[in-house]
Amino acid sequence: MMALPFFDNRARKQHDRMLAVDLGSRTTKAVHVQRRGQGFALCGYALLDAPIFDKNLSVDLLTEHLKAVAQLLGAKSKAVTLTIGVNDAVVRHTEMPRLSADDMRLVLKHGSRTYLQQELANYIFDCHVVAPVWPERPAKPAESPKALPGPPKQKVLVAGARKQLIDDFVEGARRAGLAADCIVPSLIGPVNAFEKAMPEVFANAAVALVDLGFKNSSISILQQGELVLSRVLGIGGDKLTHGLAETLNVSYAEAEGIKIGMPTEVQAQLESLVLPLGRELRASIDFFEHQQDRPVTQAFITGGPAHSEFIIRVLQHEMMIDCKILNPTSFLQMELPSQQTIELEQVAPQLTVALGAALAAL
């Protein structure tokens with residue numbers, strides 16, 4: 001599991017249960033997960049309207065929202081994991097000296113431009129070591145000064161977020177009677193959920209994970225369990241609904257219903273809106289395949305718009321690979337209220353980020 005929790009891992013306690021909250025732009029998704037021996041159980045989930053905000057979610061608004069989430073789930077655990085959206089978290093690969101995690105954070109704090117090609121002042125960073133850039137070799141005496149290698153390096157996945165945002169999340173959780181145990185980039189959630197849901201494919205194949213969000217969509221390409229490429233695209237369910245509303249001259253709410261129900265007479269209009277997303281996703285796959293000289297065999301789709309079979313078909317045609325909806329709950333034991341058990345199949349793709357965040361903490 002990739003964590004990138006923005007906190008010192010050594011300071012965190014081991015938990016047997018976790019409340020994870022994916023703060024979306026339109027819908028907040030939350031799950032209550034518990035350890036069961038070597039496995040995990042889903043004890044509850046909740047989907048509720050996100051607080052209305054334009055730029056930054058105030059601490060007061062976050063506090064009330066987290067209180068409502070905790071009450072809905074009735075979770076006994078005070079430990080909570082929160083996600084940071086794709087627009088608020090930087091997630092990048094880089095090469096860094098072989099240092100401890102604490103030292104790497106310090107280096108990034110004072111030299112983000114060197115390693116991330118961007119000045120990120122007042123940011124908090126965390127690092128996940130991917131693999132050595134060069135394989136380990138037995139030490140041998142250098143023949144001459146020219147033969148001395150440069151400092152050994154390692155491939156690192158770096159996450160960064162504004163310190164003020166992290167502080168606000170921690171304070172909002174505290175005021176809600178919770179303790180922020182992990183704060184995780186939402187981009188990491190689908191990777192963790194996929195690792196548990198489809199371990200064989202995760203370990204052996206090159207696949208694309210596509211998360212269809214409200215404002216944005218993201219693609220993460222995995223090769224034999226390693227996150228090799230990730231990209232955020234500014235096309236999500238909101239843009240599709242707005243486009244339908246304008247094209248058909250109907251209200252946003254009516255367009256949303258049409259998008260889900262999908263009468264055949266508006267398929268051409270919806271297809272024209274989905275095609276640009278498919279092309280961007282295909283371009284990301286092409287880039288990976290050119291760099292790695294390995295084909296991506298299939299894509300797994302998550303998020304709210306994944307409910308639409310038509311959208312999946314359009315994406316599959318444009319991406320030119322097999323596209324499947326990921327069920328991120330397939331590996332979990334179910335300890336849900338009866339009504340939630342009935343509804344789970346429908347909402348499962350929307351819970352992917354929250355489940356992946358919970359696994360990072362557990």
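Where is arginine 231 found? In this predicted model, arginine 231 sits in strand E11, which runs over residues 226–233. With a relative accessible area of 31%, arginine 231 comes out as partly exposed, since the partly exposed class lies between the 20% and 50% limits. Its C-alpha lies 5.4 Å from that of isoleucine 219, though the two are 12 residues apart in sequence. Isoleucine 219 also turns up among the contacts of arginine 231 once neighbours within four places in sequence are set aside, together with Ser217, Ser218, Glu280, Ala283 and Ser284.

Stepping back to the whole chain, the protein has 11 helices and 14 strands. Of its 362 residues, 51% count as buried. As for contacts between residues at least 6 apart in sequence, 69% of them join residues at least 24 apart.

The largest nonpolar core takes in 67 residues, and the members that touch the most others are Val21, Val31, Leu42, Ile84 and Phe194. Helix H11 (residues 352–361) makes the largest contribution to this core, with seven residues. A second core, separate from that one, holds 35 residues, including Leu275, Leu277, Ile311 and Val314. Going back to valine 31, its contacts beyond four places in sequence include Leu351, Ala354, Leu355 and Ala358. Met18, Leu19, Ala20, Leu42, Gly44, Tyr45 and Leu73 are also in contact with valine 31.

Helix H7 (residues 252–261) has a clear sidedness to look at. Ala255, Glu256, Ile258 and Lys259 are its buried residues. These residues are on the same side of H7 because they cover an arc of only 165° around the axis. On the face turned away from that buried side, the exposed residues are Ala253 and Gly261. What do the buried residues of H7 pack against? Their partners are three helices: H6 (237–248), H8 (267–292) and H9 (309–319).

Helix H6 is also where aspartate 238 is found. At a relative accessible area of 9%, aspartate 238 is buried, as the value falls under the 20% limit. Beyond residues up to four places away in sequence, aspartate 238 touches Phe214, Lys215 and Tyr252.

Phe214 comes up again in the largest pocket, as one of the lining residues that lie nearest its centre, along with Gly24, Ser25, Arg26 and Lys29. The space in this pocket is about 1,300 Å³, and 50 residues line it. Sorted by class, the lining has 18 nonpolar, 20 polar and 12 charged residues.

Enclosed space is a separate matter: the structure holds two cavities of 30 Å³ or more. The largest cavity has a volume of about 40 Å³. Strand E9 (206–212) and strand E10 (217–223) each supply at least two residues of its lining, and E9 gives the largest share, three residues. The full set of residues lining the largest cavity is Leu187, Pro190, Leu209, Val210, Asp211, Ser218, Ser220 and Thr302. By class, that lining has four nonpolar, three polar and one charged residues. Ser218, listed here, is also in contact with arginine 231.

The second largest cavity likewise comes to about 40 Å³. Its lining is made up of Leu212, Gly213, Ser217, Ile235, Gly236, Gly237, Leu240, Leu277, Pro305 and Ile311. Six of these are nonpolar and four are polar, with no charged residues. Leu277 and Ile311 appear in this lining and are also members of the second core. Ser217, another residue of the lining, is in contact with arginine 231.

Two backbone details round things off. Asparagine 122 has a phi near 60°, a positive value in a residue other than glycine. Asparagine 122 is found in the loop between helix H2 (101–116) and strand E6 (123–132), and at 65% relative accessibility it counts as exposed, since that is over the 50% limit. Glutamine 224 is not a glycine either, and its phi is positive at about 50°. Its place is the loop between E10 and E11, the latter being the strand that holds arginine 231.

How values were computed
Residues numbered from 1 in each chain as written. Predicted model: local features only at pLDDT ≥ 70, side-chain atom pairs only at ≥ 80, totals over all residues. Heavy atoms only, no water. Buried < 20%, exposed > 50% of the residue type's maximum accessible area, 1.4 Å probe, protein only. Helix = DSSP H or I, 4+ residues; strand = E, 2+ residues; numbered from the N terminus. Arc of directions from axis to C-beta. Contact = heavy atoms within 4.5 Å. Core = buried A, V, L, I, M, F, W, Y, C linked by side-chain atoms within 4.5 Å. 1 Å grid on protein atoms, 1.4 Å probe; cavity = no way out; pocket = protein on both sides within 12 Å on 5 of 7 lines; lining within 4 Å. Points joined across faces, edges and corners; volume = space filled by probe spheres on them. Nonpolar A, V, L, I, M, F, W, Y, C, P; charged D, E, K, R; others polar.
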